[in-house]
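Me: I have a structure open and do not know how to read it. Can we go through it feature by feature?

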Amino acid sequence: MLGRTGIEVSRLCLGTLTMGPLQANISPDEGANLICQAVARGINFFDTAEFYGVYEYLHKALRRVPREAIVISSRCYQYTYEGMRDSLERALREIGVDYIDIFGLHEQESRLTLKGHADAIRYLQDAKEKGLIRAVSVSTHAVEVVNAVRVMPEIDVVHPIFNMRGIGIIDGDVGDMERAIEAASGSGVGVYSMKPLGGGHLYREVPDALAWVMGHDYIDSVAIGIKNLRELEVDLAIASGREVPQEVLLSLAGEKRLLIEKWCAKCGACIDACGHGALSMGTEGAVVDPDRCVLCGYCVAHCREFCIKVV
Ligand code: SF4
Ligand code: SF4
């Protein structure tokens, strides 16, 4: 049960960023097939966002699975009443549904940014009253935001970054986030965490990293991004306590590469941090030389924008 929302979700939530145009860029048909395969294996919870560009994948999947069989969570960066209305209408139209289960604010950084989104939150409350959504959410990489939503009755669900190394937390360590999440959950806020593998960087420790997050009973669901059926099978095996053969883990790890997301701010901090000379600055942002990159992950901690991933 996702907090006080009355929405029942599977313990694993399938994240769709990894399959979409920003990362693996599999086709909408392949994405829809992956979603259907996940439903067939007991996953009912799907996380997306306007920014990910994968609404069509869900639309196609919904031709094969009943609407009520899945819970959809999406969000956007809008901060005005009208902007939020436009984004929700777009999600409804492009996914082809008459309600979205959970809709909210993408990537809130502080109490101040939450305050700056007050009009958008007001629209979400109106949308909830009209039955267009069932719950209002906030996603975040900040401990401060998890603490703030605990005392905001208008927010039903929080979607925080959480992994055993604290990768990606912008204002504290893993212990700070752990305490904030437990308190939010104790107050009735639904919690589903993101990035149990730290944006792919814990790819050599998948079983331990996923089991660590799932060991926190007060986290209602753990969202993990996948891009193919083999990753789905491995994650499901780990989530249900089954052992995954070492050769399978090694073969998945061997397919990994470094990805710099499109929102790179061109600050150059990662380039200075890389001792292998694998990064340089291109016209659109930092670029990686795959022949030099050893996937050590040292550059990650230097990227304030959290736009370096292992995919
Ligand atoms: S992962 Fe390591 S080798 Fe690759 S770019 Fe980052 S710091 Fe350099
Ligand atoms: S540290 Fe991040 S934002 Fe800065 S240049 Fe590197 S990838 Fe881009």
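The turns below go from the domains to the barrel, then to single residues and the ligands.

Reply: Keep in mind that this is a predicted model. We can begin with the domains.

Me: Into which domains is the protein divided?

Reply: Domain 1 covers 12-253 and domain 2 covers 258-310. Their C-alpha centres lie 25 Å apart. Where the two touch, nine residues come from domain 1 and eight residues from domain 2. On the domain 1 side, three of these residues are nonpolar, six are polar and none is charged.

Me: How many strands form the closed barrel, and in what order do they run?

Reply: The barrel has eight strands in the order 1-2-3-4-5-6-7-8, and the pairing is parallel. From one strand to the next, the twist averages 25°.

Me: How do I read the pairing of single strands?

Reply: Look for bridges between them. Strand 6 (residues 157-160) pairs with strand 7 (residues 190-193) in the parallel sense, over two bridges. Within that pair, Val-158 has Val-191 as its bridge partner. Strand 7 also pairs with strand 8 in the parallel sense, again over two bridges. There, Ser-193 stands opposite Val-222.

Me: Over how many bridges do strand 1 and strand 8 pair?

Reply: Strand 1 (residues 12-15) and strand 8 pair over four bridges, in the parallel sense. One bridge joins Gly-15 to Gly-225.

Me: Why is strand 8 described as largely enclosed?

Reply: Burial is judged by counting neighbours, and a residue is buried if 20 or more other C-beta atoms lie within 10 Å of its own. In strand 8 (residues 221-225), five of the five residues are buried, so the strand is largely enclosed by the rest of the structure. Ser-221, Ala-223 and Gly-225 point one way, Val-222 and Ile-224 point the other way, and all are buried.

Me: Is Cys-76 buried or exposed?

Reply: Cys-76 is buried, because 20 other C-beta atoms lie within 10 Å. This residue is found in strand 3 (residues 71-76). Leaving out residues up to four places away in sequence, Cys-76 touches Ala-49, Glu-50, Ser-87 and His-106. The chain also brings Cys-76 and Leu-105 together in space: they are 29 residues apart along the chain, and their C-alpha atoms are separated by 5.6 Å.

Me: Why does Glu-261 count as partly exposed?

Reply: Partly exposed is the class between buried, at 20 or more neighbours, and exposed, at 12 or fewer. Glu-261 is in this class because it has 18 C-beta neighbours inside 10 Å. Its place is the loop between strand 9 (258-260) and helix 11 (269-273). Apart from neighbours within four places in sequence, Glu-261 is in contact with Leu-22, Cys-307 and Lys-309. Ile-308 is 47 residues away along the chain, yet the C-alpha atoms of Glu-261 and Ile-308 are separated by 6.3 Å.

Me: Which residues come nearest to ligand 1?

Reply: To read a ligand site, list the residues around the ligand and then sort them by character. Of the 14 residues around ligand 1, Cys-274, Ala-278, Cys-293, Cys-296 and Cys-299 come nearest. The shell has twelve nonpolar residues, two polar and no charged.

Me: Which residues come nearest to ligand 2?

Reply: There are 15 residues around ligand 2, and the nearest are Cys-264, Ala-265, Cys-267, Cys-270 and Cys-303. This shell divides into ten nonpolar, three polar and two charged residues.

Conventions
Residues are numbered from 1 along each chain as its sequence is written. Chains are lettered from A and ligands numbered from 1 in the order in which they are written. This is a predicted model: local features need pLDDT of at least 70, side-chain atom pairs count only at pLDDT 80 or more; totals for chains, interfaces and linings use all residues. A residue is near a molecule or strand if its C-beta atom, placed from the backbone, lies within 6 Å of it. Ala, Val, Leu, Ile, Met, Phe, Trp, Tyr, Cys and Pro count as nonpolar, Asp, Glu, Lys and Arg as charged, and the others, Gly among them, as polar. Two residues are in contact if their C-beta atoms, placed from the backbone, lie within 7 Å. Domain bounds come from an automatic or database domain assignment. Two strands pair if DSSP finds at least two bridges between them. Axes are lines fitted to C-alpha atoms, for helices over the stretch in contact, and angles run from 0 to 180 degrees between N-to-C directions.
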